[in-house]
Amino acid sequence: MIRVGLPYHLRNLAKADAEVQLQVEGPVTQRTVLNALEARYPMLAGTIRDHVTQKRRAFLRFFACGEDLSLESPDAPLPEKVATGEEPFLIIGAIAGG
Amino acid sequence: MSGVRVLVGTKKGAFILTSDGKRAKWEVSGPHFAGWEIYHMKGSPADPNRLYVSQTSGWFGQIIQRSDDGGKTWHQPGLKPGEPTTTPEGMPMAESNKFVYDTSPETGKPLTTHQWYDGTQHPWEFKRVWHIEPSLTDPDTVYAGVEDAALFRTTDGGKNWHELSGLRGHGTGPQWMPGAGGMGLHTILLDRQNPNRMYVAISAAGAFRTDDAGKSWKPINKGLTSQYIPDPNAEIGHCVHRIAMHPSRPDVLFMQKHWDVMRSDNAGELWHEISGNLPTDFGFVVDVHAHEPNTIYVVPIKSDSEHFPPEGKLRVYRSRTGGNEWEPLTKGLPQRDCYVDILRDAMAVDSLDSCGIYFGTTGGQVYASPDGGENWSAIVHDLPAVLSVEVQTLR
C-alpha cells in the first residue's frame, strides 16, 4: 500500500485522515499515485493538479524520504521506501501567511 | 412568517445570517468551508433551499458546493453524501470543479490570448469563479462568471460546466486586460421579461449584452470615459465595477465604474453620468431598492489609490431620483476612523414590504438597514473580510 499525506484543507474536502493508503498498480510514480488518489477521492481532482495540463498546482510541493520531489518528472519512479509503504508521499501546501 | 437569509462570503469561509421579518435579532451559522475564500454564494430564485457556493483557494483551486436544504448540509454537485464516489468502472463522478475553456472548432475562435498588465498578449488561464447567478426559473441552471474572464453555465445542478464561448470569442477578447484584482467576470444580470437577454461586466473590459441567450454578444460601453486607457472613449477596456437593474425595468441599468456612477435607459446602448453631488464617484457597489426602481444606493470610496471611505466616515448614498441628486445615510454607521472597503459583490437588498439594504466590509462587519437605509446596525462585527453579500427573502 502507498501512503499519502494530505494537507489540512484537502483532508477536510476528502473527509479523510491526514494520511490515506492507496493501492497502486504498476510502477509507482507521482502520476500513478495521484491517479489512484483522485480515483479514490474524486473531489480532489483538480485540487492538486490542473484539470487540463495535469501540472502540479503552483502552491503545492511533493516531499518524500526527506527529499523535495516537486520538480521530478511525474513519470519518474518514486523512492523504493514510498513504493513499499515504509515512507509516505507527502503533499504539502506552500507556507504563506494570511 | 416571513424572514430573510443573508449569505455572506468571506476571505476565510461562508456564513449564513437569518432573521424574521423584523430583522432585529439574527442567528449566525458558520464558518462553512472554513479557511477557504468564498467569493460568492447565492440562492436559486426558483427554489430558495437551493444554494450554490464558489469555494476557492490559491493552493487547491476551485470547488463548487451546493445545498438543497437552505445551507444545513452541503455537497459538491455529483457527489451526494453517502453515494459512491466513483462509477462501477472506477471513474470519478464529481466534475463540479472543472471549468475548462471551450476550444472546440464550433466556436470559430478557439482559446487565444488577452492583454496582460504590460500590454503583451497572455493566454487565458482559469483561476476562480467570481460570481454565481442561478437561473430565474430553473434551480439546476446556473451561470458562473470566472477569472480569467469568461461565462460558464451548468444545466444539471452544478455537476458539469460549459463555457458560453461566444462572449470570449466575439472579437474584442485580445483587448481585454486584468484590473489590479484580476480579469474577472463579476456581474451577471438576467432579464426577467426577456429570457434571451443577459448582461455581464468584466474588469477591465467593460459591459456586454446578449439578446440570443448567450450565443452572441456585443460590447455596450458607449458613453463611458476612462482616463487610464489610451483612448478614453474606447469600445473596450473600461473597468466596470458593478451593474444593477430593477426587475420591473430591465432596460434601465445603473453602473458603478472604476470612477463615475453611470446610467443607461436603453439596455446599455448609451450611458450617461449620474455622479451628481457624490463626495467621490469611485466605489464598487451599486444596488436598487426592491420596490422603487428609481431609488439607488452606492457607497463612495475615496479613490483608486485609497480604498476606504472619504474622511473616515462610512456613508451609504441614496438617490431617489435615479441619480445626480444624492443624500448621505449615516445613522448607525461609523462616522469617524472608519477605513474599510466595500467590495463589488458585497451589497444586496431584500424584498420585504419595508425594503432591507445590506452590505459587508473588508473589516468583517455586515450592516443592515430594515427601512431602506434610514437606520443601520451591524448584524455581525468581526467576520473575516467580506467578499460578497446576497439576501434571500423567505415567505
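Two strands count as paired if DSSP finds at least two bridges between them. With that in mind, the tour of this predicted model begins in chain B.

**Stop 1: residues 3-10 and 13-20 of chain B**

Select strand β1 (residues 3-10) and strand β2 (residues 13-20) of chain B, which run antiparallel and are joined by 8 bridges. The connection between β1(B) and β2(B) is a hairpin through 2 residues. To see how the two strands are aligned, display Val6(B), which has Leu17(B) of β2(B) standing opposite.

**Stop 2: residues 27-32 of chain B**

Keep β2(B) visible and add strand β3 (residues 27-32) of chain B; these two strands are also antiparallel, with 4 bridges between them. Display Ile16(B) next: the bridge partner of Ile16(B) in β3(B) is Ser29(B). Between β2(B) and β3(B) lie 6 residues, and the two strands form a hairpin. Within this turn, select Arg23(B), where phi is positive, at about 55°.

**Stop 3: the sheet β21-β22-β23-β24 of chain B**

Now move to an open sheet of 4 strands in chain B, ordered β21-β22-β23-β24, with antiparallel pairing. At its edges are β21 (282-288) and β24 (327-329) of chain B, each of which pairs on one side only. From one strand to the next, the twist averages 30°.

**Stop 4: residues 316-319 of chain B**

Finally, select strand β23 (residues 316-319) of chain B together with β24(B). Which way do these two strands run, and how many bridges join them? They run antiparallel, and 3 bridges join β23(B) to β24(B). Display Val316(B) to end the tour: its bridge partner in β24(B) is Leu329(B).

Methods. Residues numbered from 1 in each chain as written. Chains lettered and ligands numbered in written order. Predicted model: local features only at pLDDT ≥ 70, side-chain atom pairs only at ≥ 80, totals over all residues. Axes fitted to C-alpha atoms, helices over the stretch in contact; angles between N-to-C directions.
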